[in-house]
Amino acid sequence: MASLLLISSPNACSITTGGNLRRSKHSTKNFYYASFGELKASQEKRATQTEYNHLRLQQSSLNHYYKCIEGGSTYQQYTRKYVLKAVPRPSFDFEPHASDPKNILDSVKKLLVAFYWFCYPYSMIGQMLSIISTSLLAVEKLSYISPLFFIGVLQAMVPQLFMSIYMNGVNQLFDVEIDKINKPHLPLASGQLSFRTGAIIVASCLTLSLWISWIVGSWPLIWNIGLCSLIWTAYSINAPLLRWKRHPLLAAMCIFATMTLIFPITIFLHIQTFVLKRPAVFSRSLIFEVAFMSLYSIGIALYKDVPDIEGDKAFGIDSISARLGQKWVFWLCVFLFEMAFGVGLLAGASSSYLWIKIVAGLGYAVLASVLWHQAKIVDLKSKTSMRSFYMLIWKLLYVAYFLMPLISQGCH
């Protein structure tokens, strides 16, 4: 049999005739190291897998482990790939703190603040002062001021408080996108309150307002709540034949009707007929309030859109400010406010009491002066400046409400 010699490499095995297998010392040593290397690599792989599983349970040690494996074996990149994928897994570390009393208290505070701004507090305060002022107009004698009188005032304020929240809230529900431009600080526009929460608040307040007025049983009060709910629903809701705020004349008429006719007349009749049990008579004092508010309410109706011209144009709201320009409408509103204070000044001067002439006349003169001084420094290019002036308009109205009952004493 011919001899056969096969050499695959310097370290390979040699086969000789007779089938005797021989290994060199050098190849035996290399075989030992190769086997040991495979065993070590296998152990490293298992260790790496163990560490990877451990990392998935304890993500807080990711950075430390990443540094440790940065210069390791050929399996490091494999491990690192899965470590990075583990990073975005959601953490629920906040759950144990959800029941923390401090966090709960902070959440409640934030909710109350959001609800406060949802209610348009300046408007609500104005309506409450209007009720008090108009109720006092019906008082001809000091003897009429009794516990029964205060109960009657409270009967008017409570349902109107809920109606005020409804009126302001329903408008915000259908103006969320516009308010993101014009008034991004409002709770619905900023996301502090969800649309669902706002809808629940609005529906609840409407129901409570109608129910309480019905329980009280005063027909002037029922007419007040019913008319306000209808008008402001039509003003705000985006539905066929509704959304009256898109039309300048209808929008102004909604505010005029509410502030000039519905509020003064129905509250006056509620106190006069339901509380004091007297026949319905429109006194000179009531006529004065209607005359004053006819001018002031139109001014508010026109001015409220002056700062919002940008969002109104974007969403097709054809306001007077968008048609005629901010500057022209601004000074028209100032003129209407000054005329209203002028009516108050003349009414005070016509009083038969000297002290009323002095207090009322001086009071309305001061209000007119403050308004004129502030109007001259308003920056029509600054929304902050225009909104600050709008708040001033309401604050001056608050003071005017306090002066109206004084004038009424000279009109009886």
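Leaving aside its neighbours within four places in sequence, which residues is Gly-361 in contact with? Select Gly-361 and display what surrounds it: Leu-345 and Ile-356 are in contact with Gly-361 once those neighbours are set aside, where contact means heavy atoms within 4.5 Å.

The model is predicted, so local features need pLDDT of at least 70 and side-chain atom pairs count only at pLDDT 80 or more, while totals for chains, interfaces and linings use all residues. Residues are numbered from 1 along each chain as its sequence is written, and side-chain values use heavy atoms, with hydrogens and water left out.

Stay with Gly-361, which lies in helix H16 (residues 354-375). Helices (H or I, at least four residues) and strands (E, at least two) are DSSP runs, numbered from the N terminus. Gly-361 counts as buried because its relative accessibility is 9%; buried means under 20% relative accessible area, exposed over 50%, and partly exposed in between (1.4 Å probe, protein chains only). Add Leu-346 to the selection: its C-alpha is 7.4 Å from that of Gly-361, at 15 residues of separation in sequence.

Next, select Tyr-390 and Trp-394. Both belong to helix H17 (residues 383-409), 4 residues apart, about one turn of the helix. Their ring centres are 6.5 Å apart and the planes stand at 85°, so this pair is edge-to-face. Rings of Phe, Tyr and Trp (its six-membered ring) pair if their centres lie within 6.5 Å; planes under 30 degrees apart count as stacked, over 60 as edge-to-face and the rest as tilted. Tyr-390 is buried at 12% relative accessibility, and Trp-394 is buried at 7%. Extend the selection to the aromatic cluster that holds both, whose members include Tyr-120, Tyr-303, Trp-331 and Phe-389. Over the whole structure, a search finds 21 aromatic pairs.

Move to Lys-277, in the loop between H11 and helix H12 (284-303). Its charged end sits over the ring of Phe-274, 4.9 Å from the ring centre; the criterion is NZ of Lys or CZ of Arg within 6 Å of the ring centre and within 35 degrees of the ring normal. Lys-277 is exposed, with a relative accessible area of 62%, and its phi is near 55°, a positive value in a residue other than glycine. Most residues other than glycine have a negative phi.

Last, select Leu-241, in the loop between helix H10 (219-236) and helix H11 (248-275). Its phi is near 70°, again positive, and Leu-241 is exposed at 79% relative accessible area.

Zoom out to finish: the protein has 17 helices and 2 strands, and 43% of its 412 residues count as buried.
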